[in-house]
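Student: I have a model open and want to check the wording used for its helices. Can we take the terms one by one?

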Amino acid sequence: MFKKFKQYLQFNIVGSSGLVINLVIFSVFNSILNFSINTSAVTAFLFSVCNNYYFNNRWTFKSDFVENKFKFSQFFTYLSSCLVGLTVNIITLNVFVILADVKYVLIGQFLGILSGSLFNFFLAKYFVFKT
């Protein structure tokens, strides 16, 4: 039980770094470069997924990471599983922005990320890293 909680805690620590990356990239693309919320969300997702994969692989799930050998198949499995979380994120973001107001777009992105994170943990644990 403790190992599962420890992994979930580590997953959330890694996810927190991904959250910061995601929100910064989202803000830059949406507020400064004037991309749509969906394009900004997908771009931010790609940056944060790369960060999260690396640290979840190395630390959270302690996969058989070999120095200087990138596992493309595992990364693409991880990326595919994260698309579930991205879908939940995009839906939450759009519902929040439509129902609340455009000025709360960053809060909508934050809530979308949180909504997708639980899906991402279970898919990463049982499908990608299989611990």
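Tutor: Start with handedness: α3 and α4 cross in a right-handed way. This is a predicted model, where local features need pLDDT of at least 70, side-chain atom pairs count only at pLDDT 80 or more, and totals for chains, interfaces and linings use all residues. Residues are numbered from 1 along each chain as its sequence is written, and side-chain values use heavy atoms, without hydrogens and water.

Student: What makes the crossing of α3 and α4 right-handed?

Tutor: The turn of the near helix from the far one, by less than a right angle: clockwise is right-handed, anticlockwise is left-handed. For α3 and α4 the crossing is right-handed, so the near helix is turned clockwise.

Student: Why is α3 called roughly antiparallel to α4?

Tutor: The axes of α3 and helix α4 (residues 105-128) cross at roughly 150 degrees and come within 7 Å. Roughly antiparallel means over 145 degrees (under 35 is roughly parallel, 65 to 115 roughly perpendicular, the rest oblique). So α3 is roughly antiparallel to α4.

Student: Which classes of residue make the contact of α3 with α4?

Tutor: There are 16 nonpolar, twelve polar and no charged residues. Nonpolar means Ala, Val, Leu, Ile, Met, Phe, Trp, Tyr, Cys and Pro; charged means Asp, Glu, Lys and Arg; the others, Gly among them, are polar.

Student: Why is α2 called oblique to α3?

Tutor: Helix α2 (residues 37-60) packs on helix α3 (residues 72-99) at about 140 degrees, with axes 9 Å apart. That angle makes α2 oblique to α3. Their crossing is right-handed.

Student: How do you know that the span of α3 agrees with its 28 residues?

Tutor: The expected span is 1.5 Å times one less than the number of residues. For α3 that gives 40 Å, and its end C-alpha atoms are 39 Å apart, so the two agree. Still, α3 bends by about 25 degrees at valine 84. That bend is the angle between axes fitted to the seven residues ending there and the seven starting there.

Student: What about the span of α2?

Tutor: Its end C-alpha atoms are only 30 Å apart, short of the 34 Å that a straight helix of 24 residues would reach.

Technical notes
Axes fitted to C-alpha atoms, helices over the stretch in contact; angles between N-to-C directions. Helix = DSSP H or I, 4+ residues; strand = E, 2+ residues; numbered from the N terminus.
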